[in-house]
Amino acid sequence: MNNFNGTKIIGVGGALPATVVTNADLENQVDTSDEWITSRTGIKQRHVVDTETCTSLSTAAALDAMKFAGVNAEEIDLIIVATSTPDYLYPSTACLVQREIGAINAAAFDIEAACTGIVYALTVADQFIKTGASKTVLVIGADVHSRFLDWNDRNTCILFGDGAGAFVLQASTDENDILATYIKADGRKADFLNIPNFGVNYQKPGTPDKKEDQRFVQMNGKVVYEFAVSIVPDAVRAVCSKANMDLSDVDFFILHQANQRIIKAVATKLGLPDDKMVVTLDSVGNTSAASIPLALKHALTTGQIKSPARCALVGFGGGLTWGALIINWRAVAKSSL
Ligand code: UT7
């Protein structure tokens with residue numbers, strides 16, 4: 001019989017590549033300006049990989065979260081990585097992280113839900129724990145979009161940054177920190193945000209490859225913007241209702257960091273004060289599946305969020321996919337952040 005009916009969140013961590021690309025750097029590359037990027041997105045700079053990889057960033061974020069949680073690799077029995085920019089089609093990034101950290105007792109697999117990936121991965125991990133299948137789960141969101149961007153396309157290259165974030169979850173007999181989960185998708189809108197490089201777009205071996213631009217992010221920014229501003233408030237209301245909470249019971253809202261104007265528009269629609277909104281995209285850009293744990297870590301480091309706090313985590317992105325969780329953040333670092 002399963003005696004574990006709660007999921008505790010015991011750690012968070014993050015990792016960013018060393019190289020920083022500022023808006024001024026982009027001014028030298030495409031027809032844009034710091035003024036346009038700042039006023040239309042809120043982004044001032046982003047980190048991009050040089051020698052780092054999706055796997056190395058994931059590993060660094062994992063070790064950071066494990067240090068926070070005070071768990072060792074052998075305690076982990078499941079690793080889930082959310083990424084849409086893995087180093088390989090297979091093996092999964094989760095298997096590569098397992099090898100790097102020596103989590104010899106863990107099962108490992110990846111989840112692909114683009115920028116919503118971390119919300120999907122936490123939801124799946126919560127199920128594994130609450131059904132008694134796993135006891136200590138490492139959940140990672142990592143993306144290296146810089147490898148999949150056309151750096152001559154000002155519509156996309158200004159937005160994305162690379163990074164990884166991680167959580168450690170643990171089964172508990174008497175405590176529960178994941179209060180409600182809510183995930184959705186609408187595949188009819190699949191073509192509005194994609195990287196078409198794989199599978200069906202590969203030619204038969206021996207014939208020339210398709211156009212180079214197939215490997216780059218393609219996005220209808222306006223459609224995705226409008227989609228986000230319309231579905232995020234619904235997702236927040238839905239997940240609060242599943243948790244039997246009012247909006248006012250939520251202390252902080254950690255939205256996927258895609259655009260400051262999206263965060264502002266959602267706050268306005270829901271009547272939320274600015275100081276309840278976590279914002280990090282000015283310094284890291286849109287880090288896709290990594291953005292929510294990186295934002296939580298940032299808010300803990302700056303002292304905006306102090307334990308305990310009830311937080312709504314809300315993701316949206318390619319698929320199109322979206323989702324939200326209500327978490328009770330009450331973890332205390334076993335070593336300093
Ligand atoms: O992670 C999840 C996925 N992504 C998102 O959530 C992104 C959602 N979308 C957005 O954040 C916004 O749509 C963008 C930031 C991508 C674009 O902002 P926008 O306000 O929707 O701009 P727009 O595409 O309507 O373009 C407005 C103008 C256009 O010029 P004209 O036609 O008005 O003369 C663009 O050509 O701004 C121009 N423009 C730029 N100008 C300078 C577009 N990109 C740039 C640029 N620099 N980088």
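These questions and answers go through the ligand site, an aromatic pair and some backbone features of a predicted model.

Q: What makes Asn259 a polar contact of the ligand?
A: A polar side-chain atom of Asn259 lies 2.7 Å from an oxygen atom of the ligand. The cut-off for a pair of N or O atoms is 3.5 Å, so this pair counts as a polar contact.

Q: Why do Arg154 and Trp36 count as polar contacts of the ligand too?
A: For Arg154, an N or O atom of the side chain is 2.8 Å from a ligand oxygen atom. For Trp36, a polar side-chain atom is 3.3 Å from an oxygen atom of the ligand. Both values are within 3.5 Å, so both pairs qualify.

Q: How much of the ligand does the protein bury?
A: Taken alone, the ligand exposes 950 Å², and the protein buries 74% of that.

Q: Where does the ligand sit, and what makes that statement hold?
A: The ligand sits in the largest pocket. The rule asks that more than half of a molecule's atoms lie within 2 Å of the pocket's grid points, so the ligand must satisfy that.

Q: Which residues surround the ligand, and which elements supply them?
A: There are 23 residues around the ligand, and the closest are Thr32, Arg40, Lys222, Asn259 and Asn286. Helix H2 (34–41), helix H6 (221–242) and helix H7 (260–270) each give two or more residues to this shell. The largest share, four residues, comes from H6. Sorted by class, the shell holds 11 nonpolar, seven polar and five charged residues.

Q: Why is the pair of Phe227 and Trp322 called edge-to-face?
A: The count comes to three aromatic pairs. In the pair of Phe227 and Trp322, the ring centres are 5.6 Å apart and the planes meet at 75°. The centres are within 6.5 Å, so the rings pair, and the angle is over 60 degrees, so the pair is edge-to-face.

Q: Why does this pair tie together parts that are apart in sequence?
A: Phe227 lies in helix H6 and Trp322 in strand E13 (residues 321–329), so the pair links parts that are 95 residues apart in sequence.

Q: Which peptide bonds are cis, and where are they?
A: One of them runs from Tyr90 to Pro91, with omega near 5°. Pro91 is in the loop between strand E4 (78–82) and helix H4 (93–101). Another runs from Gly319 to Leu320, with omega near -15°. Leu320 is in the loop between strand E12 (309–317) and E13.

Q: What is notable in the phi of Asn244?
A: Phi of Asn244 is near 55°, a positive value in a residue other than glycine. Asn244 is in the loop between H6 and strand E11 (252–255).

Note on methods: Residues numbered from 1 in each chain as written. Predicted model: local features only at pLDDT ≥ 70, side-chain atom pairs only at ≥ 80, totals over all residues. Heavy atoms only, no water. Near = heavy atom within 4 Å. Polar contact = N/O pair within 3.5 Å; in protein donor to acceptor, adjacent residues only side chain to side chain. Areas by Shrake-Rupley, 256 points an atom, 1.4 Å probe, with all protein chains shown as cover. 1 Å grid on protein atoms, 1.4 Å probe; cavity = no way out; pocket = protein on both sides within 12 Å on 5 of 7 lines; lining within 4 Å. Nonpolar A, V, L, I, M, F, W, Y, C, P; charged D, E, K, R; others polar. Phe/Tyr/Trp six-rings, centres within 6.5 Å; stacked < 30°, edge-to-face > 60°.
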